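Work through these exercises with the structure open beside you. Try each task before you read its solution.

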Amino acid sequence: MTDLIISGVLADQIREMAQGEGYSIEDMLSDLLTQRKTAQASDDTAPGATLRDEDIDVPDDILENERQEYRDLYRATLPSVYQVAREYWANVGDHERLALTNRELDQQFWCIDIEGVPHLKSEQGVVELPPDPLDSIVGLFDGLGAPADLSSTVRETMAEHYRRELERLENDRPV
């Protein structure tokens, strides 16, 4: 047997994780290595390689001739997304999700929320994501009939929105 020297911070993290899960340090490290080897052996695909085109939700505003380009871009981002998810699961000690292969993540991964927590598709009915502020802004401009070039009309659009809002409040005020 050979001794392995690791930094104090890492040693503390390993010790806390092992104690929290009721393992000896050796048993926990052995389990993690086995999970990693299993995942690597069964994960010979690149992230997104097993996704079918119909599995990728393409927003409605993407033109038909741009859909494949969107799907390719989506697939290209998956390695970094899966890396963030795996780092999170490693930090919180979620070994079950950490052991998911790229192929399994292609089938099960949903999103990373605003707080940086990765979610699987099985959580779609359970986890409620906050509204996207950009969607709210776009909706605001759409509702006011703003032209396609919003950069030149933001002040006018916002002024019109607040004028209508003030008008609504004045009409709702009791006499």
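**Exercise 1.** Does Arg 75 count as buried or exposed?

*Solution.* Start with the rule: buried means under 20% relative accessible area, exposed over 50%, and partly exposed in between (1.4 Å probe, protein chains only). Arg 75 has 19% relative accessibility, so Arg 75 counts as buried.

Two notes on the source come before the next task. This is a predicted model, in which local features need pLDDT of at least 70, side-chain atom pairs count only at pLDDT 80 or more, and totals for chains, interfaces and linings use all residues. Residues are numbered from 1 along each chain as its sequence is written, and side-chain values use heavy atoms, with hydrogens and water left out.

**Exercise 2.** Find the salt-bridge partner of Arg 75 and say which parts the pair ties together.

*Solution.* Step one is the rule: a salt bridge is a side-chain nitrogen of Lys or Arg within 4 Å of a carboxyl oxygen of Asp or Glu. Step two is the partner: Arg 75 meets Asp 53, at 3.0 Å from N to O. Step three is the location. Asp 53 lies in the loop between α2 and α3, and Arg 75 in helix α3, so the bridge ties together parts that are 22 residues apart in sequence. Asp 53 is partly exposed, with a relative accessible area of 27%.

**Exercise 3.** Describe the salt bridge of Arg 15 and the one of Arg 52.

*Solution.* Take Arg 15 to begin with. Its side chain meets that of Asp 12 at 3.0 Å, N to O. Both residues are in helix α1, three residues apart, which means about one helical turn between them. Arg 15 is partly exposed at 38%, and Asp 12 is partly exposed at 38%.

Now take Arg 52. Its side chain bridges to Glu 54 at 3.7 Å, N to O. Arg 52 is partly exposed at 47%, while Glu 54 is exposed at 56%. The count for the model comes to eight salt bridges.

**Exercise 4.** How many aromatic pairs are there, and what is their geometry?

*Solution.* Rings of Phe, Tyr and Trp (its six-membered ring) pair if their centres lie within 6.5 Å; planes under 30 degrees apart count as stacked, over 60 as edge-to-face and the rest as tilted. The count is one pair. The ring centres of Tyr 82 and Phe 109 are 5.6 Å apart and their planes stand at 65 degrees, so the pair is edge-to-face. Tyr 82 belongs to helix α3 (residues 67-92) and Phe 109 to strand β1 (residues 109-112), so the pair links parts 27 residues apart in sequence. Tyr 82 and Phe 109 are both buried.

**Exercise 5.** List the elements of the chain in order, then check the confidence.

*Solution.* Helices (H or I, at least four residues) and strands (E, at least two) are DSSP runs, numbered from the N terminus. The chain has seven helices and two strands. Their order is α-α-α-α-α-β-β-α-α.

Next comes pLDDT, the predictor's confidence in each residue, from 0 to 100. The chain averages 80, and 82% of the residues score at least 70. Strand β2 (residues 118-120) has the highest confidence, at 93, and helix α6 (residues 133-143) the lowest, at a mean of 67. Where pLDDT is low, the predicted coordinates should not be read in detail.
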